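Biologist: I'm new to this one, so could you walk me through it? Let's put the structure up and go question by question.

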Amino acid sequence: MKNATTEPSKAEESQDRGAHSVTMPFGNEDVDALFDMSAPQPRYRELVERGGLVEVMPGCAFAFAAPLSEFVLKHHELFSSRVQMHLGNVRPLIPLNVDPPQHAQYRRLLDPIFSPRQMDRQEADISRRANQFIDLFIDRGTCNFTEEFAEVFPSSVFLGLIGLPEADLRTFLHMRDGILHPEKIDPEALVDVQRRTAVMNRAGEEIYSYFTALIKDRKRQPGNDIVSRLVRAEIDGGQLGTDEILDIMFLFVIAGLDTVSDSLTCFFAFLATHPDHRNQIVEDPTIIPAAVEELLRWESPVPSGAPRVATRGVTMPDGTEVAAGTAVIVSYGAANVDPSAHPDGFEVRFDRKVNRHVAFGAGVHRCLGSHLARRELRVTLREWHRRIPDYWLTPGHERLEFPPGLRHVKDLMISWA
Ligand code: HEM
């Protein structure tokens with residue numbers, strides 16, 4: 001979501017932009033640092049302590065302090081999600097770019113598909129898929145965890161949820177990479193914005209045409225999978241249009257695959273380098289749900305959310321003025337180590353009793369897939385540590401690379417005896 005750029009919609013453009021401006025407490029050298037994902041927590045804390053709201057360029061600000069972030073996320077009438085995200089999509093993503101009250105209609109329809117009870121039904125399938133990938137490398141004593149587990153496992157689970165065969169895994173990964181890692185498809189895309197946009201747009205077209213065919217197929221032969229459920233679903237007595245289903249599925253591809261992959265690489269990099277924490281999990285697997293929450297808080301794999309656009313001039317809780325039309329991006333990573341919300345936030349503690357982190361966001365747009373993500377993360381920690389309790393960074397690969405974007409480790413190499 002970090003790659004998003006924003007353009008106010010017509011309605012937003014017609015809003016009074018007012019004369020207020022966002023306070024800019026320091027210079028632009030901090031902007032580059034914002035996107036350095038290698039060890040962001042100390043910088044997050046510094047930004048919180050230096051005021052918590054930073055205008056990184058005219059009309060675009062980041063909220064770092066937890067109270068300011070909460071204010072933005074919980075006041076959707078002041079901060080609209082109706083922004084144009086240039087991610088290869090040609091229409092708004094549903095429900096991310098939809099404001100209440102329409103947003104609630106979509107969530108009422110989608111929430112039950114990802115409920116904890118639905119995830120209970122998926123548990124055996126998720127566990128089977130995790131073990132299938134571990135089987136492929138366990139005897140080797142080493143693996144590229146990023147490529148051989150983290151990147152493939154969530155996509156495989158998702159294929160199951162939409163009732164597609166494993167044979168489609170590579171097609172899926174290709175579509176995902178086209179949007180989220182265009183440089184994997186065209187290395188020039190890393191430095192050349194036009195090439196980057198071209199790859200993303202092509203991937204967007206692939207996603208639309210892949211799911212258009214699938215929707216057609218499910219209309220003919222409905223099953224029990226997500227697309228079939230969307231085909232049958234109704235809002236106000238009317239069925240969803242094909243475009244609406246496409247806009248939902250597009251978001252699922254973007255939001256549901258990479259986020260879990262990225263979380264897994266962060267978690268395993270942490271555990272491979274913190275044997276005390278790892279041993280806690282091995283000795284008492286019942287702490288896994290708490291460990292997952294704590295690692296989500298500490299790592300904040302989705303460092304920031306989709307931009308919100310101020311619908312009018314807003315006075316923030318700390319007195320700062322935000323001008324109408326300003327795009328405000330909430331830093332979940334910073335809120336998760338803000339001392340006002342987490343007094344001992346720099347300690348990673350699996351025995352934390354209360355953990356009100358915002359790694360899944362907050363307010364009406366709080367992550368739709370959080371129960372699925374949690375299930376995948378918990379199952380992985382359980383199955384992996386049952387089969388591979390002791391592991392470490394492969395010698396020669398101790399330097400971890402965290403590329404820009406969502407927080408993740410590229411080519412995390414781990415070994416075991
Ligand atoms: C550990 C993994 C995940 C993390 C850290 C994560 C994080 C987030 C965050 C922070 C948001 C809020 C974005 C915002 O308000 O701007 C969000 C929204 C969303 N996430 Fe996740 N997510 C994860 C996994 C998933 C999965 C597996 C799905 C699969 C369906 C998913 C689907 C969504 C959707 C559809 C939204 C938009 C919800 C709305 O607008 O109402 N996410 N996620």
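Biologist: Which protein atom is the donor to the iron atom of the ligand?

Modeller: Keep in mind that this is a predicted model. A sulfur counts as a donor if it sits within 2.8 Å of the metal. The iron has a single donor from the protein, 2.3 Å away, and that is the SG atom of C367.

Biologist: And where in the fold does C367 lie?

Modeller: Look between two helices, α17 (332-335) and α18 (370-387). C367 is in the stretch that links them, so by the helix boundaries used here its place is a loop, the one between α17 and α18.

Biologist: How many residues surround the ligand, and which are the closest?

Modeller: The shell has 28 residues. They divide into 18 nonpolar, eight polar and two charged. C367, the iron's donor, is also among the closest, and the full list of those is H103, R107, R308, H365 and C367.

Biologist: Which helix gives the largest share of that shell?

Modeller: Four helices each supply at least two residues: α5 (102-110), α13 (242-256), α14 (258-273) and α18. The largest share is four residues, and the helix that provides it is α13.

Biologist: Which side chains have an N or O atom at 2.7 Å and 2.6 Å from an oxygen atom of the ligand?

Modeller: Let's take the backbone out of the way first: a polar backbone atom of L96 is 3.4 Å from a ligand oxygen. For side chains, R107 has an N or O atom 2.7 Å from an oxygen of the ligand. At 2.6 Å, the side chain is that of H365.

Biologist: Moving on to the nonpolar core, which residues have the most contacts inside the largest one?

Modeller: In soluble globular proteins, nonpolar side chains tend to be buried together. Here the largest nonpolar core has 136 residues. I414 touches W384, and also F145, F268 and L393 among others, leaving out residues up to four places away in sequence. The residues with the most contacts inside the core are F211, W384 and I414.

Biologist: Where are the cis peptide bonds I94 to P95 and P100 to P101?

Modeller: The bond joining I94 and P95 is cis, with omega about 5°. The bond from P100 to P101 is cis too, with omega near 5°. P95 lies between β3 (79-80) and α5, and the place of P101 is also the loop between β3 and α5.

Biologist: S300 has a positive phi; is S300 buried or exposed?

Modeller: Its phi is about 40°, although S300 is not a glycine. You'll find S300 in the loop between α16 (288-299) and β7 (308-310). The relative accessibility is 1%, and anything under 20% counts as buried, so S300 is buried.

Biologist: What about D411, how does its accessibility count?

Modeller: D411 is another non-glycine residue with positive phi, near 45°. Its place is the loop between β11 (392-393) and β12 (413-415). At 34% relative accessibility, D411 lies between the 20% and 50% cut-offs, so the word for it is partly exposed.

Biologist: R297 caught my eye; which side chain makes a polar contact of 3.0 Å with it?

Modeller: R297 is in helix α16 and is buried at 0% relative accessibility. Its contacts beyond four places in sequence include N336, E347 and H357. The 3.0 Å polar contact joins the side chain of R297 to that of E294.

Biologist: And H357, which side chain does it meet in a polar contact of 2.7 Å?

Modeller: H357 lies in the loop between α17 and α18. Its relative accessible area is 11%, so H357 counts as buried. R297 is one of the residues it touches, as are L296 and R374. The polar contact of 2.7 Å is with the side chain of E293.

Biologist: Last one: how far apart in space are A63 and V48?

Modeller: A63 is in strand β2 (residues 60-63) and is buried at 0% relative accessibility. Leaving aside neighbours within four places, its contacts include L53, L68 and V330. V48 is 15 residues from A63 in sequence, and their C-alpha atoms are separated by 8.6 Å.

Technical notes:
Residues are numbered from 1 along each chain as its sequence is written. This is a predicted model: local features need pLDDT of at least 70, side-chain atom pairs count only at pLDDT 80 or more; totals for chains, interfaces and linings use all residues. Side-chain values use heavy atoms; hydrogens and water are left out. Donors are N, O and S atoms within 2.8 Å of the metal (3.2 Å for Na, K and Ca); water is not among the atoms, so sites may look incomplete. A residue is near a molecule or strand if one of its heavy atoms lies within 4 Å of it. A polar contact is a pair of N or O atoms within 3.5 Å; within protein, one must be able to donate a hydrogen and the other to accept it, and residues adjacent in sequence count only if both atoms are side-chain atoms. Ala, Val, Leu, Ile, Met, Phe, Trp, Tyr, Cys and Pro count as nonpolar, Asp, Glu, Lys and Arg as charged, and the others, Gly among them, as polar. A nonpolar core is a set of buried Ala, Val, Leu, Ile, Met, Phe, Trp, Tyr and Cys residues joined through side-chain atoms within 4.5 Å. Buried means under 20% relative accessible area, exposed over 50%, partly exposed in between (1.4 Å probe, protein chains only). Contact means heavy atoms within 4.5 Å.
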